[in-house]
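Work through the exercises below with the sequence and the model side by side. Try each task before reading its solution.

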Amino acid sequence: IKKIIMKNTTLLLLLIILVTTSINCKKDTDSKPDNPYGLPNATRTGANTFAYLKNGVPQIAKSGIYTMAGNVTNDTLAISASSGDANYFERIGITIRGNLQEGMMYQIDNPAPGYRIIGMSTNKNCLGYLGSNVINSYSTIGSVVLTKLDKTNKIISGTFNCKMPIPNCDTLNITEGRFDIKYY
């Protein structure tokens, strides 16, 4: 009887270790980012995130009402977010008018003013800080995919990428863009 109890105890301990290990492995897998760049994951929960790579460098907007905003009004999507520091700002805005649908890809290849635009406003160019001067630039090619458009819970989520020429500078390559905004 003593041998049977020892065998069952050993088997029970091995089973507990196996189950615990598999649970811990599952937790680690679930928490991994969906990209290797250090950006927040592309969520669809209203997490108030807006991030992208600018020429390969991560840009993550600060959250808050003054630095990140989104809205859907009369079948028009408008999202904007800012980043920068005490000396400069950089604000990216996305506008899509008409035919808003979850899962749809919107091509930005001919920026008709006010219809499908990814734009940037900044007081810094490749030559440095411009002071009170502001440069406005618009993408010439790119796309936006709405991964969630929930007007009931007021959540806008999606991904984007584009190329944006900056006057007197090189063209910016915006990739891995993602936003997940709860609007009011």
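The exercises that follow go from the overall picture to single residues.

**Exercise 1. Describe the secondary structure of the protein and find where the predictor's confidence is lowest and highest among its elements.**

Step 1. The model is a predicted one, and its make-up is 1 helix and 13 strands. Read along the sequence, the helix comes before the strands, in the pattern α-β-β-β-β-β-β-β-β-β-β-β-β-β.

Step 2. The average pLDDT of the protein is 78, and 70% of the residues score at least 70. Among the elements, the lowest mean pLDDT, 51, belongs to helix H1 (residues 2–30), whereas strand S11 (residues 141–150) has the highest, 94.

Step 3. Over residues 22–30 the pLDDT is below 50, and in the model this stretch has 0 contacts beyond near neighbours in sequence.

**Exercise 2. Work out the order of the strands in the open sheet of 6 strands, and explain why one side of each edge strand is left without a neighbour there.**

Step 1. The 6 strands follow the order S2-S1-S13-S12-S11-S6, with antiparallel pairing.

Step 2. At the edges stand strand S2 (57–60) and strand S6 (105–107); each has a single partner strand, so one side of each is left without a neighbour in the sheet. Direction ignored, neighbouring strands of this sheet are turned by 15° against each other on average.

Step 3. Strand S1 (residues 49–54) can now be followed to both of its partners, as S1 and S13 pair in the antiparallel sense over 5 bridges, while S1 and S2 do so over 4 bridges. Ala51 shows both pairings, standing opposite Arg178 in S13 and having Ile60 as its bridge partner in S2.

Step 4. S1 and S2 also form a hairpin with 2 residues between them, and Asn55 in the turn has a positive phi of about 50°.

**Exercise 3. Decide whether Gln59 is buried or exposed, and list what it touches.**

Step 1. Gln59 lies in strand S2, which is one of the edge strands of the sheet.

Step 2. The relative accessible area of Gln59 is 11%, and since the cut-off for buried is under 20%, Gln59 counts as buried.

Step 3. Leaving aside residues up to four places away in sequence, Gln59 touches Leu39, Phe50, Ala51, Tyr52, Lys54, Ser83 and Glu90.

**Exercise 4. Place Phe179 in the model and identify the aromatic cluster to which it belongs.**

Step 1. Phe179 is found in strand S13 (residues 171–182), and because its relative accessibility is 1%, Phe179 counts as buried.

Step 2. Its contacts, not counting residues up to four places away in sequence, include Thr43, Phe50, Ile94, Leu146 and Phe160. Phe179 and Asn41 are 138 residues apart in sequence, yet their C-alpha atoms are 9.4 Å apart in space.

Step 3. One aromatic cluster is formed by Phe50, Tyr52, Phe160 and Phe179, and the structure holds 5 aromatic pairs. One of these pairs, Tyr52 and Phe160, is tilted, with 6.1 Å centre to centre and 55° between the planes.

Step 4. Because Tyr52 lies in strand S1 and Phe160 in strand S12 (residues 155–165), the pair ties together parts that are 108 residues apart in sequence. Both Tyr52 and Phe160 are buried.

Technical notes:
Residues are numbered from 1 along each chain as its sequence is written. This is a predicted model: local features need pLDDT of at least 70, side-chain atom pairs count only at pLDDT 80 or more; totals for chains, interfaces and linings use all residues. Side-chain values use heavy atoms; hydrogens and water are left out. Buried means under 20% relative accessible area, exposed over 50%, partly exposed in between (1.4 Å probe, protein chains only). Contact means heavy atoms within 4.5 Å. pLDDT is the predictor's confidence in each residue, from 0 to 100. Two strands pair if DSSP finds at least two bridges between them. Axes are lines fitted to C-alpha atoms, for helices over the stretch in contact, and angles run from 0 to 180 degrees between N-to-C directions. Rings of Phe, Tyr and Trp (its six-membered ring) pair if their centres lie within 6.5 Å; planes under 30 degrees apart count as stacked, over 60 as edge-to-face and the rest as tilted.
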